[in-house]
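The paragraphs below walk through a model chain by chain, with the contact between the chains in the middle. Please keep the structure open while reading.

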Amino acid sequence: MLAWIPRGLAKGRITTRYPRTREAPPDRYHGPVAVLDSTGAGRELESCCPTGAIAVDERGRVSLDRGRCIACGECTRIAPHRFAFTHRYETAARTRQALVVGDVDHDDPGPARRTLAEQARALRRSIHVRHIDTGSDGAEEWEIQALWNPYYDIQRLGFFLTAAPRHADVLLATGVVTAPMRAPLERTWAVMPEPKALIAVGTDACSGGLTADGEATSAGIDAVLPVDVYVPGSPPPPIAILHGLLLAAGLLRDGSDR
Amino acid sequence: MSLAARQSELPDYLPEHLGATREPGPPGEVRLRVSPLGFGRASQMLHRAGARFVTLLIAGAPEPAIVGAFAMRGDLVVLRAPVASGQQPTYTALGPWWAAAQWTEQELADRDGARPVGLVELPGLTRPDADALEQCVMGLDVFSLPFGPVRSGVFEAIQFLLETGGEDVTRVTTRSFFKHRGLEQRVIGMAPGEAVHVAERIAGISSVAYGLAFSQAVERALGVTPPAHAERWRAVHAELERIACHLDVIAKQAETTALAVGHARFAILKEQIMRLRARLTGSRFGRGAVVPGGVREQARVAPDELLAELDAFERDLSRDRRLFLSTASMTDRLIGTGRLPRSLVEEYSAVGPVARGSGLSTDARHERPYGEYRRLGLQIVTHREEDAMSRVMVRFSELTESLRILRQACEHLRRANGELVAPLPAVGSGCAFGWVEAAQGELVIWAELTNGLVSRMRVASPSFRNWALFEHAFPKDVLTDLAFIEHSFGLTAAGADR
């Protein structure tokens, strides 16, 4: 039993300093897809995307909805001059509209809900997180669990995992919302005390991804409940989920790196 | 390197014995056509002969039929009973005398309307109700305790209904299907290259295995052979995935005993593998690496570099493993917990570490070798203690074995270079099973293609087949053993529910 202690100490410090310093992904990592050239495209470009994330309007302007993107890379292979994977982990945004990139007219999305920090100052350094799976593929759970491993050690930032929704400030919801999980999701959210934040983790949770509006599925968490932060990705890496948690808590400003 | 087609070990008289006609099929599949009335009898004979139940499905090609797949002596015996056009498919249920078929038959009845004669009713299997609190065990102080589908931790949605007097668990009911997303329907009409993205997401933690099983089914249906170089890279991706999945199980066991440093150590090792996979493929889960016909692109880490990383990894792993196995607080919780007698495991046709932890040597890589595993020497690890510790030991030994396979594959990769993908015919048609040994166990996918597009996919996932056994894993265990037993199974609800 005691032998574990030197074993733990011998590793030294491996924890990321994120968000103080940026965490760089490995070369050619499949980060969020960017639109490089958004002009003069034909409508047929839309069909290369299996989740319908790419839209071309009547003037040939291209936009890409990262909330639907599953990072399959089909578009980057068919039109490499237009689409490319960006070299970063962060994908989160506080509005659904902010996930749409390229040449697109954003309607006024209205103000996002207030962050936890704005609602309750005291929550800044002790935020309790709860997770619910509403029909994910299982990978999002791995990436959330990874936040508590020594590489990310999210407790240093004041986030703690709680087993009871009644003790939770933040709900991490993964998955497309299948029919049997709809009621448990609503009930879990209802019993959480105010102030609270809901984070949709993964492309499935943001929009439904490949399984949106199927025979037994909904179209993501916000088809059921209002979402505070969207973290697209299939699955989003731990740093992206951490970024989303910091946005929900009001510890980071969003949009700075888009 | 040329490989002669492996000879079937099945006796020549088998078709006649089963009252069936042999039909041509891809290598490894013994396709037998039986009459609808003879289907039950033929299955029963296979059961008596020691075959392992794999799956039942309704096939659409080449004609509507009830198809049963059974693993026997290194072959996949495929029984096909045609359904008269315009009629509801029907057959004699296997469930009453073969427990392994019960879940599959209920799903087939609910989804495809194929209701067999004598179905063992499992009401609510595919339409779970989280609030239903039935109780079968009556007694003083016995109560029903629903556990899930919202779990107390970051776990997938599944519900266990425990009937307990507070300490002893008298009965467990597994309620799955909270996560059914209809992915088998989703792929209809997709080109194989697009459908593989869906297949990878059936069980996210085993993306490579699901992508590979689907790709192999497509390749076998269309008669395409992937290049040898691609098969080597596929083996590398698949073994890295197995290492990550096994480390996840071991880390969770350490976490459940509150062995904080042990948990941290194994989580570090797992994260190292995830990062290595991100460097290899651009995705932490190896998504997009395997495509029907081969692999997507040249991996981004040279075999030499990969070998050096694996050496450092193995040094760390062997130290942590030694500590884990000498920590009494850890091993005491696992030894004797969740005992699964070999006979039960056989009756439920369980697969993967669950089966190998009870002394069965089932492994798709060995039984019906595919891809690079036809060339690599593979040692099957079994442990006979039948408990949770035994299943963890199987994983520990398989980590070593996976590292050995990876080294072997890297050596081959270093010496050779070649094509990465074989083109698929644009408008090919056909149907076949594809299989791989995922970290959870043998995974079998049935794919039908019509004019180059997927017209049907059915998945026999290891998680689905092993969950049925879960309720028998509490012979004399207490409530707090649930987490240990669940983790020792190492299954994924997404894979089971599809």
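In chain A, Ala55(A) stands opposite Ser63(A), a residue of E3(A). This model is predicted, and the pair belongs to a junction in which three bridges connect E2(A) with strand E3 (residues 62-65) of chain A, the two running antiparallel. Both strands are part of an open sheet of three strands in chain A, ordered E2-E3-E5, with antiparallel pairing. Strand E2 (54-56) and strand E5 (100-102) of chain A each have a single partner strand and stand at the edges, so one side of each lacks a neighbour in the sheet. From one strand to the next, the twist of this sheet averages 25°.

Chain A also holds an open sheet of five strands, in the order E7-E6-E8-E9-E10, and here the pairing is parallel. Its edges are strand E7 (159-161) and strand E10 (229-231) of chain A; each has a single partner strand, so one side of each is left without a neighbour in the sheet. The twist averages 30° from one strand to the next. Within this sheet, strand E6 (residues 127-133) and strand E8 (residues 170-174) of chain A are paired in the parallel sense through five bridges. Arg130(A) can be found opposite Leu171(A) of E8(A). Helix H4 (residues 139-146) of chain A packs on the sheet, where it touches E6, E8 and strand E9 (197-201) of chain A. The direction of H4(A) makes about 145° with that of E8(A).

How confident is the predictor in chain A? The average pLDDT of chain A is 85, and 95% of the residues score at least 70. Among the elements of chain A, the highest mean pLDDT, 93, belongs to H4(A), the helix packed on the five-stranded sheet. The lowest, 74, belongs to helix H3 (residues 116-119) of chain A. Where pLDDT is low, the predicted coordinates should not be read in detail.

The next step is the contact between the two chains. How many residues does each chain give to it? Chain A contributes 47 residues and chain B 46 residues. On the side of chain A that touches chain B, the elements giving two or more residues are helix H1 (4-10), E6, H4 and helix H5 (179-191) of chain A. H4(A) supplies the largest share of that side, six residues. H4(A) therefore appears twice in this account, since this helix also packs on the sheet. By class, the chain A side consists of 25 nonpolar, 14 polar and eight charged residues. The model as a whole scores ipTM 0.89 and pTM 0.92.

Chain B is divided by the domain assignment into domain 1 (14-112) and domain 2 (186-462). The C-alpha centres of these two domains of chain B are 27 Å apart. Their contact takes 18 residues from domain 1 of chain B and 18 residues from domain 2 of chain B. Which elements of domain 1 of chain B give two or more residues to the side that touches domain 2 of chain B? They are strand E3 (52-59), strand E4 (65-72) and strand E5 (75-82) of chain B. E3(B) provides the largest share of this side, six residues. Sorted by class, the domain 1 side has 11 nonpolar, four polar and three charged residues.

Two further features of chain B can be followed residue by residue. One is a hairpin formed by E7(B) and E8(B), with four residues between the strands. Strand E7 (residues 159-164) and strand E8 (residues 169-175) of chain B pair in the antiparallel sense over six bridges. Leu161(B) has Thr173(B) in E8(B) as its bridge partner. In the turn, Gly166(B) has a positive phi of about 120°.

The other is a pair of helices. Two packed helices are described by the angle between their axes and the distance between the axes. For helix H7 (residues 228-256) and helix H16 (residues 482-489) of chain B, the axes come within 9 Å and cross at roughly 175°. H7(B) and H16(B) are therefore roughly antiparallel to each other. On the H7(B) side, Val249(B), Lys252(B), Gln253(B) and Thr256(B) meet Ala483(B), Phe484(B) and His487(B) of H16(B). By class, this contact has three nonpolar, three polar and one charged residues.

Chain B has a mean pLDDT of 87, with 98% of its residues at 70 or more. Among its elements, helix H1 (residues 14-18) of chain B has the lowest mean pLDDT (80), whereas helix H6 (residues 207-222) of chain B has the highest (94).

Methods: Residues numbered from 1 in each chain as written. Chains lettered and ligands numbered in written order. Predicted model: local features only at pLDDT ≥ 70, side-chain atom pairs only at ≥ 80, totals over all residues. Domains from an automatic or database assignment. Contact = placed C-beta atoms within 7 Å. Nonpolar A, V, L, I, M, F, W, Y, C, P; charged D, E, K, R; others polar. Pairing = 2+ DSSP bridges. Axes fitted to C-alpha atoms, helices over the stretch in contact; angles between N-to-C directions. Parallel < 35°, antiparallel > 145°, perpendicular 65-115°, else oblique. pLDDT = per-residue confidence, 0-100.
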